[in-house]
Amino acid sequence: MTATRLDVPARPRTWPRTVAIAGAIIVITLLTTLPALGGVEIDLGAIARNWGNGADRIAKLMRPDLSILPRTWQPLLETLEMALVAAAISAAFAIPLSLWAARPTNPNAPFRVAVRSVLNIIRAVPDLVYATILVAMVGVGALPGVITLVLFDLGIVVKLVSEAIDSADAAYIEAGRAAGGTQTQINRVTALPQTWPVFASQVLYSLELNVRVSAILGLVGAGGMGRLIDEVRGFYRYDALATIILELLVVVIAIEITSNVLRKRLR
Amino acid sequence: MSAHALGAEAGGAPSASASWPVELKDVTVRYPNGVVALKGVSVRIEPGEIVAVVGLSGSGKSTLIRTINGLVPVTEGTVTVGDHVVSELRGRALRELRGHVGMIFQAFNLADRASVFHNVLVGRFAHTPTWRTLIGAASPRDREVVMRALDSVGMLEKVWGRAGALSGGQKQRVAIARALSQEPSVMLADEPVASLDPPTAHSVMRDLERINQERGLTVLVNLHLMDLARQYTTRMIGLRQGELVYDGPAADATDADFEAIYGRPIQPRDRLDR
Ligand SMILES: Nc1ncnc2c1ncn2[C@@H]1O[C@H](COP(=O)(O)OP(=O)(O)OP(=O)(O)O)[C@@H](O)[C@H]1O
Ligand SMILES: [Mg+2]
């Protein structure tokens, strides 16, 4: 066998593109921080000047006051309940919405665009805005928190799941169509089990996010740990705040580990 | 091989409905991007025939087969299946017609994460009201038809397994069971063995041959391998650049006929068994 030289095609040059992209990022960053252009002011001096103010708070944060713990159980439980209930409700709505928002599972373009638009709007509104409005509408407590979380979760889960459906191979849908099935039949019997792992994984992810987000929602009166955080912060009890933050950290990590384990099993 | 005995014959189960003729009259298909995939094709296939459609890649084989169940709409001409004119059908009527026409694909087109049972249940869609599918309760009869279809291709023991866990040949058998559970009058197969190794390809072709012989189903199968066409089908249609260039008994087709269809000399890759 003679070793003939292979006629390998020239590799396309990609570095000019890389340089151009990097250059564009640098230029945009510089422009946005130029005060002359009304850019974001990044004043490193301010950090140094105000360091003294923060330092004693940080010192307090380093010495958590555990005596607050008994008072945290009730709000913590409420936060967890809110997170779980909201994840479950949003999951129920997200199943049909995800299928309607993806092209292979909903070929009806106007319908699909309508579903997507509504979800884009839901996602565009910040969660604190929902919470504030809902607290004003239905009063202080867990209910406005749960509704806020449901909207927040729907935005995330439907977007991620429908994008997963859009990018997945959908040849089985053609087979369902060739067999004379309606889109609803095809979605129910084949698209649903096909999408299930992605779906369950995103719902677990939304559960994780809910615990974090609901801690914040309490700041505007939407129940859970946030209300306690708001209270102790109001009294400058940073040592008690430290305990609450640590507690939340433990809970969030525990949920993350659990959901990671569950997610691995889904594959 | 009792597991391979056709379920329809064994045990008074529902047998296939009467087989139907297929007729194309001056069919032209132009895709939205301007490609003309079929040019004035006319052909009539009698009930119970098993016909190979051969031609090079891009000659329009898939397009021809897809006009028969309306997956590809015709630009000009008419396609008649049984006594239905496919291009006149919309919505429910089109779905009903598709229910009478089984189809098998090169890539199997199974939902890998769904069970074998649910994949075959797809074949019952046209016979099932949507609400019943939605609540997830297959009727006893649908269940029976699915099980018999799986049994007839020797895949019954895998009924509760995931479709994605099967080998290529097993997947194609499940896909055949899906088409059979429609209790179709016509069976279409688009390169059903192109993704399979030679022994598996032969056994899948034998399944198709058996369906034709035992159920009397009209079968149209796209093939690009000349020996498979000769061995398993009785009639051969040749396509070249969207035009019908050959129509005759498959067994009599000579290498010269294939060269005329392909427009080039025969190559080793035109045969399965080299
Ligand atoms: N959806 C489509 N849109 C546009 N053009 C298409 C489409 N499907 C097929 N074509 C074109 O139509 C022609 C015939 O394609 P077709 O798939 O029917 O050929 P084929 O004989 O099945 O080929 P192969 O053996 O590769 O499957 C080709 O030129 C192809 O590029
Ligand atoms: Mg093809």
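Colleague: Which helix supplies the largest share of the shell around ligand 1, and what makes that element a helix?

Modeller: Helix α1 (residues 61–68) of chain B supplies the largest share, three residues. A helix is a DSSP run of H or I with at least four residues, numbered from the N terminus, so 61–68 of chain B qualifies. This is a predicted model, where local features need pLDDT of at least 70 and side-chain atom pairs pLDDT 80 or more, while totals for chains, interfaces and linings use all residues. Residues are numbered from 1 along each chain, chains are lettered from A and ligands numbered from 1 as written, and side-chain values use heavy atoms, without hydrogens or water.

Colleague: What makes Ser57(B) a polar contact of ligand 1?

Modeller: A polar contact here is a pair of N or O atoms within 3.5 Å. A polar side-chain atom of Ser57(B) lies 2.5 Å from a ligand oxygen, so the pair counts. Ser62(B) also has a polar side-chain atom, 2.6 Å from an oxygen of ligand 1, and a polar backbone atom of Gly60(B) is 3.0 Å from a ligand oxygen.

Colleague: Now chain A: how do you know that α5(A) and α6(A) are in contact?

Modeller: Contact means heavy atoms within 4.5 Å. Residues that make it include Tyr130(A) and Leu134(A) of α5(A), and Ile147(A) and Leu151(A) of α6(A).

Colleague: Why is the crossing of α5(A) and α6(A) called right-handed or left-handed?

Modeller: The crossing is right-handed, the name used when the near helix is turned clockwise from the far one by less than a right angle.

Terms used: Helix = DSSP H or I, 4+ residues; strand = E, 2+ residues; numbered from the N terminus. Polar contact = N/O pair within 3.5 Å; in protein donor to acceptor, adjacent residues only side chain to side chain.
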